[in-house]
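Reader: I would like a close look at a single part of this model, taken slowly and with the supporting numbers. Please walk me through how neighbouring parts of the chain meet, and then through the surroundings of the ligand.

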Amino acid sequence: TESVQAQPEDLTVRILSLLKEKEKERPVRKVALQFPEGLKRKAHGISEALRRAGYEIVISGEPCWGACDLDLDLLKNSDILIHIGHAPVDERENVIFEYFSQDFDISQLEDAITSIESRRVGLITTIQHVHLLDDIIQFFSDRGIECVIAAGSERTPFKGQVLGCTFEAAKNTGCSEIVYIGTGLFHPLGVHLATGARVVAFDPYTGRTEIPDERRMLIKRHALIEKAKEARSFGILLSKKSGQRREELARKLEVLSDKADIIEIGEITPDALLNFGYDVYVNTACPRLAYDDQARFPVPVLSPQEFEIVCGAREWEEFEIDEIT
Ligand code: SF4
């Protein structure tokens, strides 16, 4: 598999030019840099280059998984925060988003073509590959497949872009078959559950094509819901993170049970919850936490919709994947 990562030098050149643009509006001296976990190793190279250009640099040491998780405390003491790796999920003053692009050899998609059943498909991807969409549309068109790409929600500013918490760009294609290009099976599974469409998932890193099957996940979620029905206490997790805070939802869930308390929290980890000892937690932060990280927690961590099922406010047949809209 060929995959080419943008180099720190390219990123530095782009960041410097963005800073020069910003300086036309007002002086910028102290620059805060924030990297998601997978890019933290690039911090030193970029910091060094920006220092040489005369800026005072501070790097956020907090964990970060998305543009929903801006280090706004660090920004309070800096002129500007540069968030690297993601497109914005909301508008923020004095934050520059420099997303990270990764190329791959489009001819690998030949394999995915054999798994596609329709002549017209929705096409979606993650921010890393959005810049390749025009070339991919042409590649498919040359092989007789028409691609539909659609705008998503405010959290996904690029056409065809999806996040693990927002599948609008898939829904808006209106297609009954959708091709997802990106790593992992969470996004395609989410798209399948959110749209009901058949999803063909192509992973550019492994070169593999898969048709995600939701059955195993639903069996597990059903078992957690059944276990949660025995709970004597529920902790509803309300995130402090800039783009994960859903207070209205947390309050709406709280009234469903007199056994539920709201816990405001930054980083949700088993250690952070250990001493509370609730029987079940309800996650209103990043939706992936409940689905992907359940194995790390000793008690059920439910999505808002699953909690509604536990409380009798929703039927199991109305199961929906949680999205931040
Ligand atoms: Fe990604 Fe979760 Fe943040 Fe959505 S809420 S952008 S899925 S980390």
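**Where two domains meet**

Author: In this predicted model, the C-alpha centres of domain 1 and domain 2 lie 28 Å apart. The contact between them draws 8 residues from domain 1 and 10 residues from domain 2. As for where these parts fall along the chain, the domain assignment places domain 1 at 3-100 and domain 2 at 104-210, with domain 3 following at 215-318.

The size of an interface is often expressed as the accessible area that is lost when the parts come together. By that reckoning domain 1 and domain 2 bury about 760 Å² between them, and 67% of this area is on carbon and sulfur atoms. Turning to charged pairs, the rule finds 0 salt bridges across the interface of domain 1 and domain 2.

The ligand, for its part, takes up the space of the largest pocket. Around the ligand stand W65, C68, R155, G164, C165, Q244 and C286, and the residues of this shell divide into 4 nonpolar, 2 polar and 1 charged.

Key. Residues numbered from 1 in each chain as written. Predicted model: local features only at pLDDT ≥ 70, side-chain atom pairs only at ≥ 80, totals over all residues. Heavy atoms only, no water. Near = heavy atom within 4 Å. 1 Å grid on protein atoms, 1.4 Å probe; cavity = no way out; pocket = protein on both sides within 12 Å on 5 of 7 lines; lining within 4 Å. Sits in = over half its atoms within 2 Å of the grid points. Nonpolar A, V, L, I, M, F, W, Y, C, P; charged D, E, K, R; others polar. Domains from an automatic or database assignment. Contact = heavy atoms within 4.5 Å. Buried area = accessible area lost by both parts, 1.4 Å probe. Salt bridge = Lys/Arg side-chain N within 4 Å of Asp/Glu carboxyl O.
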